[in-house]
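Colleague: Before we begin, could you put the sequence and the structure in front of us, so that we can go through them together?

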Amino acid sequence: ETMLGYAHKLLALNDEALSSVTGAAVAGTVRLGLGQDFAETWLPRALAAFAKDYPGVRLDLRIDRSAHVIEGVMRGRLDLGLAFTDAPPDARTVASLRPHWIGRRDIRWDKDAPLPLVLFEPPCLFNRAGTTGLDQAGIPWRVAVTSPSLAGLWAAVDAGLGVTVRTEASMPAHLKRIGRVPGLPALPAVRLSLFTGQDEPAAATTVLRSILHDVLRKGLAARTRR
């Protein structure tokens with residue numbers, strides 16, 4: 001047991017030395033765009049690891065809607081973007097996630113009235129998936145609340161003003177999936193992907209993409225197990 005403690009310390013010191021040497025060789029600026037779903041969940045851990053191991057890299061961060069992040073990468077305003085997409089992307093897929101209907105735990109839906117929806121301002125692939133599914137199922141709906149921010153969307157759902165469509169990746173613990181309510185349609189999966197705007201991105205961009213990919217996969221796997 002005593003030797004095991006020293007072994008852990010030696011391995012940690014070895015990792016620190018390797019990270020220091022490797023990080024010193026990587027420098028530059030990475031313009032990173034992130035969707036709001038992950039800005040308060042996976043982002044801090046990933047960026048803390050990156051900043052520690054690569055002090056020579058400056059990070060310019062933009063938190064925005066997925067559609068705007070993808071557009072920023074495609075137009076060269078961002079070097080790397082993490083975003084949801086419902087089409088096969090020219091990008092590195094992190095995971096395939098299924099959106100769900102999400103609302104308050106005590107929600108009651110009067111099926112004789114249109115389903116009240118809490119939605120992002122367009123464009124939004126979750127809006128499109130939800131309303132298309134309702135139309136195909138013959139379920140009337142109305143837009144009760146629109147919000148430009150994820151925080152505003154969750155606040156409206158928490159207030160009982162309606163239901164929304166998102167993945168569970170950023171769902172607050174006090175809300176719940178209501179997809180098993182009879183009549184509400186199942187929704188198609190979306191891809192969570194890392195986009196780069198160049199065929200051969202700079203070393204700093206490649207390293208950050210790898211760190212984000214690993215952190216996200218581990219975080220999503222842990223949440224799925226729970």
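**The chain as a whole**

Colleague: Among contacts in the chain between residues at least 6 apart in sequence, what percentage join residues at least 24 apart?

Modeller: This is a predicted model, in which local features need pLDDT of at least 70 and side-chain atom pairs count only at pLDDT 80 or more, while totals for chains, interfaces and linings use all residues. Residues are numbered from 1 along each chain as its sequence is written, and side-chain values use heavy atoms, with hydrogens and water left out. With contact taken as heavy atoms within 4.5 Å, the share of these contacts that join residues at least 24 apart is 82%.

Colleague: How many helices and strands does the chain have, and what percentage of its residues count as buried?

Modeller: Helices (DSSP runs of H or I, at least four residues) and strands (runs of E, at least two) are numbered from the N terminus, and the chain has six helices and ten strands. A residue is buried under 20% relative accessible area, exposed over 50% and partly exposed in between, with a 1.4 Å probe and protein chains only. Of the 226 residues, the buried share is 44%.

**The sheet and a threonine beside it**

Colleague: In what order do the five strands of the open sheet lie?

Modeller: Two strands pair if DSSP finds at least two bridges between them, and the pairing in this sheet is mixed. The edge strands, each pairing on one side only, are strand S2 (57-64) and strand S4 (92-97). Neighbouring strands are turned by 20 degrees against each other on average, direction ignored. The order is S2-S1-S3-S10-S4.

Colleague: What angle does the direction of helix H3 make with that of S3?

Modeller: Helix H3 (residues 66-74) packs on the sheet, where it touches strand S1 (28-35), S2, strand S3 (80-85) and S10. Axes are lines fitted to C-alpha atoms, for helices over the stretch in contact, and angles run from 0 to 180 degrees between N-to-C directions. Between H3 and S3 the angle is about 135 degrees.

Colleague: Which residue of S10 is the bridge partner of leucine 97?

Modeller: S4 and strand S10 (residues 190-196) run antiparallel and are joined by five bridges. Among the residues that threonine 167 contacts, leaving aside its neighbours within four places in sequence, are Leu97 and Val190. The bridge partner of leucine 97 is valine 190.

Colleague: Is threonine 167 buried or exposed?

Modeller: Threonine 167 lies in the loop between strand S8 (164-166) and strand S9 (175-177). Its side chain reaches the backbone nitrogen of alanine 169 at 3.3 Å. Because its relative accessible area is 1%, threonine 167 is buried.

**Charged pairs**

Colleague: How far apart along the chain are aspartate 79 and arginine 31?

Modeller: A salt bridge is a side-chain nitrogen of Lys or Arg within 4 Å of a carboxyl oxygen of Asp or Glu, and a search of the whole structure finds six of them. In one, the side chains of aspartate 79 and arginine 31 meet at 2.8 Å, N to O. The pair links distant parts of the chain, with aspartate 79 in the loop between H3 and S3, arginine 31 in strand S1, and a separation of 48 residues.

Colleague: Which residue forms a salt bridge with glutamate 71?

Modeller: Glutamate 71 is partly exposed, with a relative accessible area of 34%, whereas its partner, at 59%, counts as exposed. The closest N and O atoms are 3.1 Å apart, and the partner is arginine 75.

**A helix side, a cis bond and a serine**

Colleague: Over what arc around the axis of H2 do its buried residues Leu43, Ala46, Leu47 and Phe50 lie?

Modeller: In helix H2 (residues 43-53), Leu43, Ala46, Leu47 and Phe50 are buried. The arc is that of the directions from the helix axis to the C-beta atoms. These four residues are on the same side of H2, because they cover an arc of only 90 degrees.

Colleague: Which residue is joined to proline 122 by a cis peptide bond?

Modeller: The partner is found in the loop between strand S6 (115-120) and helix H4 (125-137). Omega is about 5 degrees for this bond, and the residue joined to proline 122 is proline 123.

Colleague: How far apart are the C-alpha atoms of serine 147 and leucine 119?

Modeller: Serine 147, in strand S7 (residues 141-147), is buried at 6% relative accessibility. Among the residues it touches, not counting those up to four places away in sequence, are Leu119 and Phe120. Serine 147 and leucine 119 are 28 residues apart along the chain, and their C-alpha atoms are separated by 6.5 Å.

How values were computed: Polar contact = N/O pair within 3.5 Å; in protein donor to acceptor, adjacent residues only side chain to side chain.
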